[in-house]
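Q: Hi! Could you walk me through how some of the helices and charged side chains fit together in this one?

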Amino acid sequence: MKTRGELKAEARELLAGNWGKAILLNIIPLLGTVFIGLILGLLVAVIVFLFNSGAFSGNGSTVNETVNSSTGNGGGSIIGGVIGVLITTGIAYTTLDWLRTKNSDFSPVRGMFSIFSKKYFVPVLVLYILQTIFKFLWSLLFVIPGWIKAYSYSQTYYIYKDVNKDNENNSLNYLDYITLSRELMNGHKFEMFVLQLSFIGWWLLVAVTAGIAAIWVYPYYQTTMSAYYKNLAGDKFINYRG
(Lines give C-alpha, C1' and ligand atoms only; values in the text may rest on other atoms or scores of the structure.)
Protein backbone atom coordinates (compact mmCIF):
# COMPACT_ATOMS: atom_id res chain seq x y z
CA MET A 1 0.00 0.00 0.00
CA LYS A 2 1.33 3.41 -0.94
CA THR A 3 1.92 6.11 1.66
CA ARG A 4 -0.24 9.25 1.86
CA GLY A 5 2.44 11.22 0.06
CA GLU A 6 2.67 8.64 -2.71
CA LEU A 7 -1.11 8.56 -3.18
CA LYS A 8 -1.21 12.33 -3.46
CA ALA A 9 1.72 12.28 -5.86
CA GLU A 10 -0.13 9.73 -8.01
CA ALA A 11 -3.16 12.04 -8.07
CA ARG A 12 -1.07 15.10 -8.99
CA GLU A 13 0.72 13.16 -11.73
CA LEU A 14 -2.61 12.18 -13.29
CA LEU A 15 -3.96 15.72 -13.05
CA ALA A 16 -0.83 17.41 -14.44
CA GLY A 17 -1.77 18.81 -17.82
CA ASN A 18 -5.34 17.57 -17.39
CA TRP A 19 -6.76 20.05 -14.89
CA GLY A 20 -9.32 21.34 -17.37
CA LYS A 21 -10.78 17.87 -17.90
CA ALA A 22 -10.71 17.14 -14.17
CA ILE A 23 -12.52 20.38 -13.38
CA LEU A 24 -15.19 19.64 -15.99
CA LEU A 25 -15.62 16.12 -14.61
CA ASN A 26 -16.16 17.54 -11.11
CA ILE A 27 -18.02 20.67 -12.18
CA ILE A 28 -21.36 20.02 -10.42
CA PRO A 29 -19.97 19.36 -6.92
CA LEU A 30 -17.48 22.15 -7.57
CA LEU A 31 -20.23 24.64 -8.34
CA GLY A 32 -22.09 23.43 -5.26
CA THR A 33 -19.04 23.98 -3.07
CA VAL A 34 -18.36 27.42 -4.53
CA PHE A 35 -22.04 28.37 -4.17
CA ILE A 36 -22.13 27.26 -0.54
CA GLY A 37 -18.89 29.14 0.13
CA LEU A 38 -20.28 32.32 -1.38
CA ILE A 39 -23.58 31.96 0.50
CA LEU A 40 -21.80 31.38 3.82
CA GLY A 41 -19.59 34.38 3.19
CA LEU A 42 -22.63 36.51 2.36
CA LEU A 43 -24.47 35.17 5.42
CA VAL A 44 -21.60 36.12 7.70
CA ALA A 45 -21.52 39.59 6.20
CA VAL A 46 -25.30 39.98 6.66
CA ILE A 47 -25.15 38.79 10.29
CA VAL A 48 -22.34 41.21 11.06
CA PHE A 49 -24.32 44.02 9.43
CA LEU A 50 -27.51 43.15 11.33
CA PHE A 51 -25.73 42.96 14.65
CA ASN A 52 -24.06 46.31 14.03
CA SER A 53 -27.40 47.82 13.08
CA GLY A 54 -29.14 46.44 16.18
CA ALA A 55 -31.55 44.27 14.18
CA PHE A 56 -31.29 41.48 16.76
CA SER A 57 -32.33 43.67 19.67
CA GLY A 58 -36.03 42.81 19.19
CA ASN A 59 -37.91 39.58 19.86
CA GLY A 60 -36.10 37.51 17.26
CA SER A 61 -39.18 37.03 15.07
CA THR A 62 -37.17 37.48 11.89
CA VAL A 63 -34.89 34.61 12.83
CA ASN A 64 -37.84 32.41 13.76
CA GLU A 65 -39.58 33.11 10.46
CA THR A 66 -36.42 32.16 8.59
CA VAL A 67 -36.12 28.89 10.49
CA ASN A 68 -39.81 28.07 10.03
CA SER A 69 -39.68 28.78 6.32
CA SER A 70 -36.81 26.34 5.91
CA THR A 71 -38.45 23.38 7.67
CA GLY A 72 -40.50 22.49 4.62
CA ASN A 73 -37.43 21.90 2.49
CA GLY A 74 -36.55 18.50 3.98
CA GLY A 75 -37.91 16.49 1.06
CA GLY A 76 -36.01 18.56 -1.47
CA SER A 77 -32.83 18.20 0.58
CA ILE A 78 -33.15 14.41 0.60
CA ILE A 79 -33.66 14.24 -3.16
CA GLY A 80 -30.78 16.63 -3.71
CA GLY A 81 -28.58 14.51 -1.44
CA VAL A 82 -29.39 11.33 -3.37
CA ILE A 83 -28.68 12.99 -6.71
CA GLY A 84 -25.43 14.33 -5.28
CA VAL A 85 -24.35 10.83 -4.25
CA LEU A 86 -25.18 9.45 -7.69
CA ILE A 87 -23.18 12.17 -9.44
CA THR A 88 -20.16 11.91 -7.12
CA THR A 89 -20.18 8.13 -7.54
CA GLY A 90 -20.11 8.58 -11.32
CA ILE A 91 -17.16 10.94 -10.90
CA ALA A 92 -15.41 8.40 -8.67
CA TYR A 93 -15.95 5.61 -11.21
CA THR A 94 -14.61 7.70 -14.07
CA THR A 95 -11.63 8.82 -12.00
CA LEU A 96 -10.83 5.22 -11.06
CA ASP A 97 -10.85 4.16 -14.71
CA TRP A 98 -8.69 7.16 -15.54
CA LEU A 99 -6.16 6.20 -12.87
CA ARG A 100 -5.99 2.64 -14.11
CA THR A 101 -5.77 3.28 -17.83
CA LYS A 102 -4.09 6.74 -17.79
CA ASN A 103 -6.31 7.43 -20.80
CA SER A 104 -7.74 10.95 -20.66
CA ASP A 105 -9.77 10.47 -23.84
CA PHE A 106 -13.18 10.43 -22.18
CA SER A 107 -16.20 12.71 -21.94
CA PRO A 108 -16.31 14.48 -18.55
CA VAL A 109 -20.07 15.02 -18.85
CA ARG A 110 -20.74 11.40 -19.71
CA GLY A 111 -18.46 10.29 -16.90
CA MET A 112 -20.19 12.54 -14.40
CA PHE A 113 -23.58 11.09 -15.24
CA SER A 114 -22.41 7.51 -15.80
CA ILE A 115 -24.46 6.24 -12.82
CA PHE A 116 -27.67 7.30 -14.57
CA SER A 117 -27.70 4.13 -16.64
CA LYS A 118 -29.40 0.75 -16.59
CA LYS A 119 -26.22 -0.90 -15.29
CA TYR A 120 -25.65 1.33 -12.26
CA PHE A 121 -28.64 3.47 -11.30
CA VAL A 122 -30.78 1.02 -9.31
CA PRO A 123 -27.86 -0.89 -7.70
CA VAL A 124 -26.08 2.27 -6.53
CA LEU A 125 -29.36 3.71 -5.25
CA VAL A 126 -30.12 0.52 -3.29
CA LEU A 127 -26.58 0.44 -1.88
CA TYR A 128 -26.95 4.07 -0.83
CA ILE A 129 -30.24 3.37 0.95
CA LEU A 130 -28.86 0.31 2.75
CA GLN A 131 -25.73 2.14 3.89
CA THR A 132 -27.79 5.09 5.10
CA ILE A 133 -30.04 2.79 7.14
CA PHE A 134 -27.10 0.91 8.67
CA LYS A 135 -25.17 4.08 9.51
CA PHE A 136 -28.29 5.59 11.07
CA LEU A 137 -28.87 2.50 13.22
CA TRP A 138 -25.25 2.46 14.32
CA SER A 139 -25.40 6.18 15.10
CA LEU A 140 -28.18 5.46 17.59
CA LEU A 141 -25.40 3.98 19.74
CA PHE A 142 -23.84 7.49 19.73
CA VAL A 143 -22.04 9.26 16.91
CA ILE A 144 -18.72 7.39 16.93
CA PRO A 145 -20.07 3.92 15.91
CA GLY A 146 -21.92 5.50 12.98
CA TRP A 147 -18.79 7.40 11.99
CA ILE A 148 -16.69 4.24 12.13
CA LYS A 149 -19.20 2.35 10.00
CA ALA A 150 -19.12 5.13 7.42
CA TYR A 151 -15.45 4.27 6.90
CA SER A 152 -16.21 0.55 6.88
CA TYR A 153 -18.73 1.02 4.08
CA SER A 154 -16.75 3.66 2.18
CA GLN A 155 -15.51 1.35 -0.60
CA THR A 156 -18.89 -0.27 -1.36
CA TYR A 157 -19.56 1.59 -4.62
CA TYR A 158 -16.06 0.96 -5.94
CA ILE A 159 -16.36 -2.76 -5.16
CA TYR A 160 -19.70 -2.96 -6.94
CA LYS A 161 -18.13 -1.40 -10.02
CA ASP A 162 -15.19 -3.81 -10.06
CA VAL A 163 -17.23 -6.94 -9.38
CA ASN A 164 -19.61 -6.10 -12.22
CA LYS A 165 -17.01 -4.82 -14.66
CA ASP A 166 -17.46 -7.72 -17.08
CA ASN A 167 -19.32 -10.13 -14.84
CA GLU A 168 -22.93 -9.15 -14.20
CA ASN A 169 -24.02 -12.74 -13.55
CA ASN A 170 -22.27 -13.15 -10.19
CA SER A 171 -24.17 -14.51 -7.20
CA LEU A 172 -23.55 -11.54 -4.86
CA ASN A 173 -26.46 -9.66 -3.31
CA TYR A 174 -26.41 -6.03 -2.24
CA LEU A 175 -25.47 -6.81 1.35
CA ASP A 176 -22.44 -8.75 0.11
CA TYR A 177 -20.92 -5.58 -1.38
CA ILE A 178 -21.23 -3.80 1.95
CA THR A 179 -19.68 -6.79 3.70
CA LEU A 180 -16.78 -6.87 1.24
CA SER A 181 -16.15 -3.17 1.90
CA ARG A 182 -16.21 -3.77 5.64
CA GLU A 183 -13.72 -6.61 5.28
CA LEU A 184 -11.47 -4.58 2.97
CA MET A 185 -11.38 -1.69 5.44
CA ASN A 186 -10.49 -3.85 8.45
CA GLY A 187 -7.31 -2.27 9.81
CA HIS A 188 -7.51 0.63 7.35
CA LYS A 189 -10.25 2.90 8.73
CA PHE A 190 -7.87 5.11 10.72
CA GLU A 191 -5.48 5.13 7.78
CA MET A 192 -8.19 6.56 5.52
CA PHE A 193 -9.22 9.04 8.20
CA VAL A 194 -5.66 10.36 8.42
CA LEU A 195 -5.49 10.59 4.63
CA GLN A 196 -8.65 12.69 4.59
CA LEU A 197 -7.41 14.74 7.53
CA SER A 198 -4.23 15.57 5.60
CA PHE A 199 -6.40 17.70 3.29
CA ILE A 200 -7.57 19.96 6.12
CA GLY A 201 -5.21 22.74 5.08
CA TRP A 202 -6.62 22.65 1.56
CA TRP A 203 -10.20 22.75 2.82
CA LEU A 204 -9.32 25.73 5.03
CA LEU A 205 -8.04 27.41 1.89
CA VAL A 206 -11.40 26.65 0.25
CA ALA A 207 -13.16 28.26 3.22
CA VAL A 208 -11.10 31.46 3.24
CA THR A 209 -11.50 31.86 -0.53
CA ALA A 210 -15.30 31.50 -0.27
CA GLY A 211 -15.17 28.19 -2.12
CA ILE A 212 -13.11 29.37 -5.10
CA ALA A 213 -10.10 27.18 -4.28
CA ALA A 214 -12.35 24.11 -4.52
CA ILE A 215 -11.90 24.36 -8.31
CA TRP A 216 -8.49 22.75 -7.73
CA VAL A 217 -8.87 21.13 -4.32
CA TYR A 218 -11.95 19.02 -5.05
CA PRO A 219 -10.54 17.19 -8.12
CA TYR A 220 -7.27 16.66 -6.23
CA TYR A 221 -9.12 15.19 -3.25
CA GLN A 222 -11.42 13.01 -5.37
CA THR A 223 -8.53 11.65 -7.39
CA THR A 224 -6.59 10.83 -4.22
CA MET A 225 -9.57 8.95 -2.76
CA SER A 226 -9.92 6.91 -5.95
CA ALA A 227 -6.18 6.24 -5.88
CA TYR A 228 -6.60 5.02 -2.30
CA TYR A 229 -9.12 2.36 -3.36
CA LYS A 230 -7.06 1.39 -6.43
CA ASN A 231 -4.00 0.77 -4.30
CA LEU A 232 -5.83 -0.87 -1.41
CA ALA A 233 -7.97 -3.27 -3.46
CA GLY A 234 -5.79 -3.71 -6.53
CA ASP A 235 -7.52 -6.10 -8.93
CA LYS A 236 -9.01 -8.21 -6.14
CA PHE A 237 -12.64 -7.42 -6.96
CA ILE A 238 -12.52 -7.21 -10.74
CA ASN A 239 -14.99 -9.87 -11.90
CA TYR A 240 -15.03 -11.24 -8.34
CA ARG A 241 -17.30 -14.26 -7.88
CA GLY A 242 -17.18 -14.71 -4.12
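A: Happy to! One term to start with: a crossing of two helices is called left-handed if the near helix is turned anticlockwise from the far one by less than a right angle, and right-handed if clockwise. Also keep in mind that this is a predicted model.

Q: Ok, so which hand is the crossing of helix 9 and helix 13?
A: Helix 9 and helix 13 cross in a right-handed way.

Q: And at what angle do helix 9 and helix 13 pack?
A: The angle is about 60°, and the axes of helix 9 (residues 156-163) and helix 13 (residues 214-233) are 11 Å apart. Angles from 65 to 115 degrees would count as roughly perpendicular and those under 35 as roughly parallel, so helix 9 is oblique to helix 13.

Q: Which residues meet there?
A: From helix 9 you have Y158, I159 and D162, and they meet Q222, M225, S226 and Y229 of helix 13. Sorted by class, this contact of helix 9 with helix 13 has four nonpolar residues, two polar and one charged.

Q: What about helix 12 and helix 13, at what angle do they cross?
A: Helix 12 (residues 200-208) and helix 13 cross at roughly 150°, and their axes come within 9 Å. Over 145 degrees counts as roughly antiparallel, which means that helix 12 is roughly antiparallel to helix 13.

Q: Is that crossing of helix 12 and helix 13 left-handed or right-handed?
A: Helix 12 passes helix 13 in a left-handed crossing.

Q: Who's touching whom in that pair?
A: W202, W203 and V206 sit on the helix 12 side, and they meet A214, V217, Y218, Y220 and Y221 in helix 13. The contact of helix 12 with helix 13 divides into eight nonpolar residues, no polar and no charged.

Q: Switching topic: how many salt bridges are there?
A: The count comes to five salt bridges. As a general point, side chains of opposite charge can pair when their charged atoms come close.

Q: Cool, which residue does E10 meet in a salt bridge at 2.9 Å?
A: That would be K230: the side chains of E10 and K230 meet at 2.9 Å, N to O. E10 lies in helix 1 and K230 in helix 13, so this pair ties together parts that are 220 residues apart in sequence. There is also a network of salt bridges linking K2, E10 and K230.

Q: Is E10 buried or exposed?
A: E10 counts as buried because its relative accessibility is 5%, with the cut-off for buried being under 20%. K230 is buried too.

Q: What else does E10 touch?
A: Leaving out residues up to four places away in sequence, E10 touches K2, L99, K102, A227, K230 and N231. E10 itself is part of helix 1 (residues 4-15).

Q: Where does helix 9 come into the salt bridges?
A: K161 lies in helix 9 and D97 in helix 5 (residues 74-101), so their pair ties together parts that are 64 residues apart in sequence. The side chains of K161 and D97 meet at 3.0 Å, N to O. K161 counts as buried at 9% relative accessibility, whereas D97 is partly exposed at 30%.

Q: And which residue does D162 meet in a salt bridge?
A: D162 pairs with R100, and their side chains meet at 2.8 Å, N to O. This pair links distant parts of the chain, with D162 in helix 9 and R100 in helix 5, 62 residues apart. D162 is buried at 1% relative accessibility, while R100, at 26%, counts as partly exposed.

Notes:
Residues numbered from 1 in each chain as written. Predicted model: local features only at pLDDT ≥ 70, side-chain atom pairs only at ≥ 80, totals over all residues. Heavy atoms only, no water. Helix = DSSP H or I, 4+ residues; strand = E, 2+ residues; numbered from the N terminus. Buried < 20%, exposed > 50% of the residue type's maximum accessible area, 1.4 Å probe, protein only. Contact = heavy atoms within 4.5 Å. Axes fitted to C-alpha atoms, helices over the stretch in contact; angles between N-to-C directions. Nonpolar A, V, L, I, M, F, W, Y, C, P; charged D, E, K, R; others polar. Salt bridge = Lys/Arg side-chain N within 4 Å of Asp/Glu carboxyl O.
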